[in-house]
Amino acid sequence: MTNDTRVSPAQTGYAIFSEATSGVVDYERIREIANSLVPFGRFAGVSITEVSPDRAIVEIPVSKNLTNHLGTVHAGALFLAADIAGAAASAGALAPRLAQVERMVVRDARSTFRKPAVGRIRAIATVDDREVRRVLASDAAEQFDLDGKALLYDDADVLVAKFHFDYFCNITAS
């Protein structure tokens with residue numbers, strides 16, 4: 001696989017999203033760019049299928065390469081999907097200022113595994129809309145924390161895992 005989206009040294013942070021966020025926000029283009037950014041996600045076959053201001057959805061394909069010795073989806077694959085979904089949900093929520101984000105990293109993550117995960121898995125992620133509204137209401141540079149959540153479901157819509165993320169972000173002035 002090749003990396004179709006290359007970030008030049010001059011493009012720091014999330015500047016790569018500027019084409020999709022200047023003027024009318026193009027959430028489909030944000031999804032396309034985000035899908036191309038994480039080589040490990042592409043290697044594992046994890047795919048972002050939806051990005052909106054309210055949520056992101058990521059899918060883990062059915063693959064023997066993503067299972068553990070018990071034949072269920074490996075916890076690492078579940079974490080990868082939740083992590084990518086959380087980042088994509090953050091991108092969608094912060095879209096009007098996304099190109100000004102310099103850094104967004106996971107500070108802390110917590111997981112709860114509820115059922116064995118079998119087959120195709122969907123991760124549905126959201127972020128704290130109160131903090132997003134506050135950040136979007138300003139055009140100042142700042143550091144902020146953002147809480148995210150990803151719920152993972154199997155094909156029968158059974159909740160198999162929950163993830164909570166604490167993100168550390170910094171954003172430049174608009």
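Let's start with helix α5, residues 129–136. Its buried residues are E131, V132 and V135. They cover an arc of only 100° around the axis, so they sit on the same side of α5. Keep in mind that this is a predicted model.

Why would residues spaced like that share a side? An α-helix has 3.6 residues a turn, so residues three or four places apart point the same way.

Now, what covers the buried residues of α5? The cover includes helix α4, residues 75–93. It also includes three strands: β4 at 121–127, β5 at 142–153 and β6 at 159–171.

Look at the start of α5 next. There, D128 has a side-chain oxygen within 3.0 Å of the backbone nitrogen of R130.

Stay in this helix for a salt bridge. E131 pairs with R134, and their closest N and O atoms are 2.8 Å apart. The two are three residues apart in α5, so about one helical turn separates them. Are the partners buried or exposed? E131 counts as buried, because its relative accessibility is 17% and the cut-off for buried is under 20%. R134 is partly exposed, at 39%.

That brings us to salt bridges in general. How many salt bridges does the count come to? The count is 14. I'll show you two more.

First pair: R29 and E19. The closest N and O atoms are 2.8 Å apart. This bridge links distant parts of the chain. R29 is in helix α2, and E19 is in helix α1, residues 18–21. The two are ten residues apart. R29 is partly exposed, with a relative accessible area of 27%.

Second pair: R107 and D145. Again we have a salt bridge, at 2.8 Å from N to O. This pair also links distant parts of the chain. R107 is in strand β3, residues 101–113, while D145 is in strand β5. They are 38 residues apart. D145 is partly exposed, at 42% relative accessible area.

Now to helix α2, residues 27–37. Which residues are buried here? The buried ones are I30, R31, I33, A34, N35 and S36. What covers them includes helices α1, α3 and α4, along with strand β1, residues 47–51.

The start of α2 has its own contact. A side-chain oxygen of D26 comes within 3.2 Å of the backbone nitrogen of E28.

Pick out N35 in this helix. What does N35 touch, once residues up to four places away in sequence are set aside? N35 touches R42, V46, S47 and I48. Now compare N35 with R122. The two are 87 residues apart in sequence, and their C-alpha atoms are 15 Å apart in space.

Move just past α2. V38 sits in the loop between α2 and α3, and α3 covers residues 39–44. V38 counts as partly exposed, because its relative accessibility is 34% and the partly exposed range runs between the 20% and 50% cut-offs. V38 also belongs to a surface patch. Together with F40 and F43, V38 forms a nonpolar patch, and the three have about 340 Å² of accessible area together.

On to the loops. Take S52, in the loop between β1 and β2. Buried or exposed? S52 is buried, with a relative accessible area of 14%. Leave out its neighbours within four places in sequence, and S52 is in contact with Y27, G92 and A93.

Next is T72. This residue is in the loop between β2, residues 56–60, and α4. T72 counts as buried, at 14% relative accessibility. What does T72 touch, not counting residues up to four places away? The list is L66, T67, P116, A117 and V118.

One last loop, between β5 and β6. D157 lies there. Its phi is near 60°, a positive value in a residue other than glycine. Why point that out? Because most residues other than glycine have a negative phi.

A quick recap, then. The buried residues of α5 sit on the same side of that helix. Salt bridges link distant parts of the chain, as with R29 and E19, and with R107 and D145. And V38, F40 and F43 make a nonpolar patch on the surface. Thanks, everyone.

Notes. Residues are numbered from 1 along each chain as its sequence is written. This is a predicted model: local features need pLDDT of at least 70, side-chain atom pairs count only at pLDDT 80 or more; totals for chains, interfaces and linings use all residues. Side-chain values use heavy atoms; hydrogens and water are left out. Patches are made of residues with over 30% relative accessible area and no salt bridge: like charges are joined within 9 Å, nonpolar side chains (Val, Leu, Ile, Met, Phe, Trp, Tyr) within 5 Å. Accessible areas come from the Shrake-Rupley method with a 1.4 Å probe; for residues, only the protein chains shown count as cover. A salt bridge is a side-chain nitrogen of Lys or Arg within 4 Å of a carboxyl oxygen of Asp or Glu. Helices (H or I, at least four residues) and strands (E, at least two) are DSSP runs, numbered from the N terminus. Buried means under 20% relative accessible area, exposed over 50%, partly exposed in between (1.4 Å probe, protein chains only). The arc is that of the directions from the helix axis to the C-beta atoms. Contact means heavy atoms within 4.5 Å. A polar contact is a pair of N or O atoms within 3.5 Å; within protein, one must be able to donate a hydrogen and the other to accept it, and residues adjacent in sequence count only if both atoms are side-chain atoms.
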